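Opening a fresh page for this one. I'll jot down what I look up as I go.

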Amino acid sequence: MPQTRSDARGNLHAVTDGRFSFKNQSAPGITLTRDGISETQFEARQAALAAAGYVPASSPNTFSPTNPYDDGYPQLPSADAGRRVHRATYRGTDISVQMPSAAAVKRFSYNHGGTFEFPVTGDFPGGKITGTVRVTQNGVNEWSVQGLGFPAGNAELIAEAIGAVLEARRPSLAVEDAAQLARRRAERFAAAGSRVDGPKADSSFISAAGYDRARGVIAIKVRDKLYGYRVTEQVARAFFTASSVGAAYNRLVRDGKNGSRRVDIRECPSCHRFNVGDSVHRCPSKHLPAPSSSARKRQLVAAR
């Protein structure tokens with residue numbers, strides 16, 4: 001068998017009588033991939049993992065969101081002030097949400113303020129849903145959250161889940177189950193109270209009125225003072241539809257003949273909604289206007 005030598009490029013040559021001549025190499029028997037196994041072995045490994053119930057990872061542990069809505073609100077970037085925005089999964093008994101970590105969302109709000117958006121995936125009793133949420137921090141542990149692009153009926157549930165995570169002292173324990181989120185939503189609406197608007201009919205001394213259907217309480221502002229009465233919904237409807245609300249107030253509400261009785265109510269000086277007694281009040285959630293294109297660009301540059 002003739003001897004062989006390799007040149008500077010790694011090509012093999014046969015040595016004959018002290019001189020080099022080219023030698024044809026046979027084709028390789030296998031093709032190696034990056035991890036050192038053949039394509040056939042790689043496919044067999046994938047099939048075995050799939051049969052065992054494993055699924056490929058869909059994304060790395062960082063968010064690089066896209067915005068399907070041309071609404072002018074900034075998106076939470078993949079890095080904020082030089083720090084990667086990690087995602088986390090917050091689990092309950094029958095629900096879980098995957099989102100940027102609560103710490104990352106709060107940090108972005110602290111650094112830049114305003115209203116912004118980020119993508120969320122939720123696993124609910126009805127299946128997996130994916131969309132975008134719009135968030136605004138309105139105060140200490142108070143957030144406005146709105147679900148965008150989710151199937152009908154799920155936007156409110158995902159918004160409550162994200163709100164619970166952002167407002168909790170221990171986000172990992174914030175999500176319990178779908179029923180708990182529904183109760184939280186009802187309590188939040190109750191804490192917002194009811195509006196007090198001007199009546200449809202003109203009156204010389206009644207300037208505004210409102211009705212809290214959940215508590216059965218009507219609020220009537222006589223000149224500058226607000227009075228509360230517990231009345232049935234039928235009495236409240238008769239008052240609001242009366243041609244003379246002043247006469248209806250004296251006849252249906254004030255004299256107590258229809259079972260009405262006085263209750264203590266308080267009006268919020270900020271949102272001008274009323275709550276009954278000492279119940280906890282929370283002004284309705286709200287988002288800030290979208291920033292101008294130049295302000296949004298400066299915000300995104302600062303976040304990198």
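How much area does the protein chain expose, and what share of it do carbon and sulfur atoms supply? I get about 18,500 Å² exposed, with 50% of it coming from carbon and sulfur. Note to self: this is a predicted model.

Next, the overall make-up. I find seven helices and 17 strands in the protein chain. Of its 304 residues, 38% are buried. I also looked at contacts between residues at least 6 apart in sequence: 48% of these join residues at least 24 apart.

Then I went to strands 6 and 7. Strand 6 covers residues 87–91 and strand 7 covers residues 96–100. I see them paired in the antiparallel sense, with five bridges between them. The link from strand 6 to strand 7 is a hairpin of four residues. I checked what R91 faces across the pair, and S96 in strand 7 stands opposite.

Moving on to S101. Where does S101 sit? I find S101 in the loop between strand 7 and helix 2, the helix that spans 102–112. Is S101 buried or exposed? I note S101 as buried, because its relative accessible area is 16% and the cut-off for buried is under 20%.

Last lookup: which residues does S101 touch, once its neighbours within four places in sequence are left aside? I list H86, R87, A88 and Y90. R87, A88 and Y90 fall within the residue range of strand 6, 87–91, so I'm filing the S101 contacts alongside my hairpin notes, under the strand numbering used here.

Conventions
Residues numbered from 1 in each chain as written. Predicted model: local features only at pLDDT ≥ 70, side-chain atom pairs only at ≥ 80, totals over all residues. Heavy atoms only, no water. Pairing = 2+ DSSP bridges. Helix = DSSP H or I, 4+ residues; strand = E, 2+ residues; numbered from the N terminus. Buried < 20%, exposed > 50% of the residue type's maximum accessible area, 1.4 Å probe, protein only. Contact = heavy atoms within 4.5 Å. Areas by Shrake-Rupley, 256 points an atom, 1.4 Å probe, with all protein chains shown as cover.
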